[in-house]
Amino acid sequence: MFNVRIYGAGSIGNHLAHACRKKKWNTVICDPDDDALSRTKDSIYPQRYGAWDNEIVLCNPPDAASKPCDLVIIGTPPDSHIPIALDLLNNHKHLPKIILIEKPLCGPGLEGCDELQQLSREKGVLVCVGYNHVLSRITEIATEYICSGCLGDPQTIVVNWVEHWGGIFGAHPWLAGPSDSYLGFSQKGGGACAEHSHGINIWQHFAHLLNAGRISTISSVMDREKNAQVDFDRIVQMNVVTENGLVGYIVQDVVTQPAIKLLRIQGSDGALEWQINKDSSHDSVRLWRDNEWQETLVAKSRPDDFAGEIDHIEKLLQSRAENSPISLQRGLETMMVVSAAHYSAQQMRSLKINYNSRLTPDSFISNL
Ligand SMILES: NC(=O)c1ccc[n+]([C@@H]2O[C@H](COP(=O)([O-])OP(=O)(O)OC[C@H]3O[C@@H](n4cnc5c(N)ncnc54)[C@H](O)[C@@H]3O)[C@@H](O)[C@H]2O)c1
């Protein structure tokens with residue numbers, strides 16, 4: 001049985017608390033906002049999962065920090081992720097084995113990422129970033145197909161991760177709109193590029209599986225909304241090339257309804273489609289071979305989206321194996337692409353990402 005401390009009694013804090021409680025882990029949720037703590041107990045948790053769980057401890061962050069734990073989950077707005085993680089690593093006596101930081105890791109400025117990477121190594125604390133879809137059942141099935149070699153040589157990967165953010169505001173009825181949270185500010189980790197960065201991350205995940213390497217070149221366009229209240233990207237379209245020359249594209253937006261969360265790999269001998277929420281209760285993997293689709297539907301509900309991630313964290317807590325598809329390194333790779341996409345759209349040119357530089361956009365992004 002593990003001890004978990006979750007920062008943030010919001011939407012993701014509740015999802016991950018529920019996933020931890022399914023494993024019977026001791027779970028503390030902390031938040032400086034008393035309204036958020038009350039909302040968790042009185043509405044979010046019981047409405048989503050049927051009843052409040054009296055074993056969950058609700059408190060403020062200083063009270064939570066006084067007790068040692070195995071796992072810290074940071075489920076707060078993106079611009080607070082790195083400051084909370086650095087404070088833990090720099091100032092706390094009892095360090096957890098793992099810190100799981102929600103996506104996106106931070107804003108596109110990547111402030112504090114160098115220090116986080118260094119402290120994680122120095123203090124021996126494994127840091128992960130919560131791109132949960134790489135740990136879903138359909139990703140396992142797609143991986144088996146890819147490893148069987150049935151697709152032949154990879155030709156391209158394309159991703160559409162396009163979803164009107166009405167669903168997010170539906171889950172946050174206390175917010176009046178994007179201006180009320182980080183969502184309406186690209187620099188704080190909101191907007192389509194960072195908020196829907198699951199799209200970039202799943203593209204990168206499958207590129208790694210296909211031995212195509214990291215994204216090294218990017219050219220992007222954005223549709224931005226900027227006024228006195230908000231400043232965010234509504235649509236981002238990214239053309240990318242990997243270190244080994246694989247060409248593809250990623251589209252993310254906060255305007256499309258109904259949503260599409262679809263990755264397609266074209267190989268020389270076949271095609272594969274990986275799709276979240278193919279219908280209201282299934283994810284899907286389809287394989288195109290011999291002129292027909294073979295489809296596997298995987299039944300799932302919203303809580304199942306986090307089960308694979310927490311199963312994986314459990315294995316990491318038990319074994320300390322460091323080879324993880326949600327490692328800090330992978331989360332940083334995704335943020336470097338988010339950052340480069342913003343620069344490319346602003347400068348209207350293709351840019352190169354250098355993975356051997358310091359983690360500041362001025363250092364790792366260069367002209368082609
Ligand atoms: N992986 C997923 O599918 C998924 C789903 C939802 C949200 N998220 C991510 O989770 C993060 C949070 O999103 P959300 O929708 O839960 O936000 P939210 O607004 O519902 O909740 C965030 C909570 O964090 C609290 N908070 C702020 N600073 C804090 C601190 N220093 N210590 C403790 N609590 C603090 C706020 O008071 C708030 O209650 C975002 O990065 C978001 O992108 C991921």
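**Ligand shell**

I looked up the surroundings of the ligand and found 26 residues, of which Gly-8, Gly-10, Ser-11, Ala-36 and Glu-102 come nearest. A residue is near a molecule or strand here if its C-beta atom, placed from the backbone, lies within 6 Å of it. I noted α1 (11–22) and α4 (78–91) as the elements that give two or more residues to this shell. Helices (H or I, at least four residues) and strands (E, at least two) are DSSP runs, numbered from the N terminus.

The model is a predicted one, in which local features need pLDDT of at least 70, side-chain atom pairs count only at pLDDT 80 or more, and totals for chains, interfaces and linings use all residues. I numbered residues from 1 along each chain as its sequence is written.

By class, I recorded ten nonpolar, eleven polar and five charged residues in the shell around the ligand. Ala, Val, Leu, Ile, Met, Phe, Trp, Tyr, Cys and Pro count as nonpolar, Asp, Glu, Lys and Arg as charged, and the others, Gly among them, as polar.

**Domains**

I found the protein chain divided into domain 1 (3–102) and domain 2 (133–306 + 324–367), with bounds from an automatic or database domain assignment. Their C-alpha centres lie 27 Å apart. The contact takes eight residues from domain 1 and nine from domain 2; residues are in contact if their C-beta atoms, placed from the backbone, lie within 7 Å. On the side of domain 1 that touches domain 2, α1 and α4 are the elements that give two or more residues, and α1 gives the most, with five. I also noted that each domain supplies at least three residues to the shell around the ligand.

**Helix α1 against α10**

I read an angle of about 60° between α1 and helix α10 (residues 304–319), with their axes 9 Å apart. Axes are lines fitted to C-alpha atoms, for helices over the stretch in contact, and angles run from 0 to 180 degrees between N-to-C directions. The two helices are therefore oblique to each other; angles under 35 degrees count as roughly parallel, over 145 as roughly antiparallel, 65 to 115 as roughly perpendicular and the rest as oblique. His-15, Leu-16, Ala-19 and Cys-20 in α1 meet Phe-306, Ala-307 and Ile-310 in α10. I counted six nonpolar, one polar and no charged residues in this contact.

**Helix α9 against α11**

I found that the axes of helix α9 (residues 198–209) and helix α11 (residues 328–347) come within 9 Å and cross at roughly 125°. That makes α9 oblique to α11.

Note on methods
Two residues are in contact if their C-beta atoms, placed from the backbone, lie within 7 Å.
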